[in-house]
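Biologist: I would like a close look at one part of this model, namely the charged side chains that pair with each other and the elements they sit in. Please work outward from there to whatever surrounds that part.

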Amino acid sequence: MNHPTGLTDPTPLNRLADVTPLTHPKLRSVVVAPRPTQARPLDLRVRAQRIQIDELVVDDPRQVLAHARQAALDDPDTAEQLGYSPTAPLPLPAAAALLCALYETDALTAMGLRLTRHTTRVSASNQQTEPVSLVRSTAPDPES
């Protein structure tokens with residue numbers, strides 16, 4: 001059997017030859033600005049710990065005890081952790097600890113405590129290495 005193209009046996013390849021080529025519209029070259037990728041955190045399993053230590057001394061024991069009694073009334077749960085109960089007064093070290101747990105350093109100076117040194121200890125390590133540590137310590141001006 002003759003095919004209109006002059007090929008004799010129409011096989012699938014011959015049928016493809018009958019298809020007229022598709023014409024493509026002219027494609028414009030488009031320059032696309034790269035999309036900003038969201039920065040994913042790089043997880044190297046490094047753990048860092050920062051401990052800030054304010055060293056304070058009691059300048060006025062009566063004032064510290066008075067503020068601690070009021071703080072124990074305001075926050076009985078924290079006071080109880082330090083051993084305070086309504087029947088047993090707080091000793092001076094526990095009173096100072098209660099005030100330090102509840103108030104910032106600036107407020108403590110008005111309560112009879114004085115900052116003598118501020119120390120920051122920072123350590124960082126991953127699972128394969130020993131920790132790297134930094135200790136910075138500062139003492140306030142004696143005139144402040």
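Modeller: In this predicted model, the side chains of Glu55 and Arg117 meet in a salt bridge, with 3.5 Å from N to O. Glu55 belongs to strand β1, residues 47-58, and Arg117 to strand β2, residues 113-125, so the pair ties together parts that lie 62 residues apart in sequence. Neither partner is described by the word buried: Glu55 is partly exposed, with a relative accessible area of 31%, and Arg117 also counts as partly exposed, at 39% relative accessibility.

Strand β2 takes part in another such pair, since Arg114 forms a salt bridge with Asp59, and here the closest N and O atoms are 2.9 Å apart. Arg114 lies in strand β2, whereas Asp59 lies in the loop between β1 and α2 (61-74), so this pair ties together parts that are 55 residues apart in sequence. Arg114 is partly exposed, with a relative accessible area of 40%, and Asp59 is partly exposed as well, with a value of 47%. The count of salt bridges, with a side-chain nitrogen of Lys or Arg required to be within 4 Å of a carboxyl oxygen of Asp or Glu, comes to 2. As a general point, side chains of opposite charge can pair when their charged atoms come close.

Following β2 onward leads to its partner strand. Strands β2 and β3 run antiparallel and are joined by 7 bridges, and they form a hairpin that has 6 residues between the two strands. Within this pairing, Val122 stands opposite Leu134 in β3. Strand β3, residues 132-138, is hardly covered, because the count of buried residues among its 7 residues is 0, where buried would require under 20% relative accessible area.

The nonpolar side of the picture can be taken up from Leu113, a residue of the largest nonpolar core. That core has 15 residues, and those with the most contacts inside it are Val64, Ala68, Leu90, Leu98, Leu99 and Leu113. Helices α2 and α4 (92-102) each supply at least two residues of this core, and the largest share, 5 residues, comes from α4. Leaving aside neighbours within four places in sequence, Val64 is in contact with Val58, Leu92, Ala95, Ala96, Leu99, Met111, Gly112 and Leu113.

In helix α4 itself, Ala94, Ala95, Ala96, Leu98 and Leu99 are buried. What covers the buried residues of α4 includes β1, α2, α3 (76-81), α5 (105-109) and β2. Strands β1 and β2, which hold Glu55 and Arg117, are thus among the elements that cover the buried residues of this helix.

Set against the whole chain, these parts belong to an arrangement of 5 helices and 3 strands, whose elements run α-β-α-α-α-α-β-β from the N terminus on. Of the 144 residues of the chain, 14% count as buried. Among the contacts with a separation of 6 or more, 61% are accounted for by residues 24 or more positions apart. The accessible surface of the chain comes to about 12300 Å², of which 55% belongs to carbon and sulfur atoms.

Definitions and conventions: Residues are numbered from 1 along each chain as its sequence is written. This is a predicted model: local features need pLDDT of at least 70, side-chain atom pairs count only at pLDDT 80 or more; totals for chains, interfaces and linings use all residues. Side-chain values use heavy atoms; hydrogens and water are left out. Helices (H or I, at least four residues) and strands (E, at least two) are DSSP runs, numbered from the N terminus. Buried means under 20% relative accessible area, exposed over 50%, partly exposed in between (1.4 Å probe, protein chains only). Contact means heavy atoms within 4.5 Å. Accessible areas come from the Shrake-Rupley method with a 1.4 Å probe; for residues, only the protein chains shown count as cover. A nonpolar core is a set of buried Ala, Val, Leu, Ile, Met, Phe, Trp, Tyr and Cys residues joined through side-chain atoms within 4.5 Å. Two strands pair if DSSP finds at least two bridges between them.
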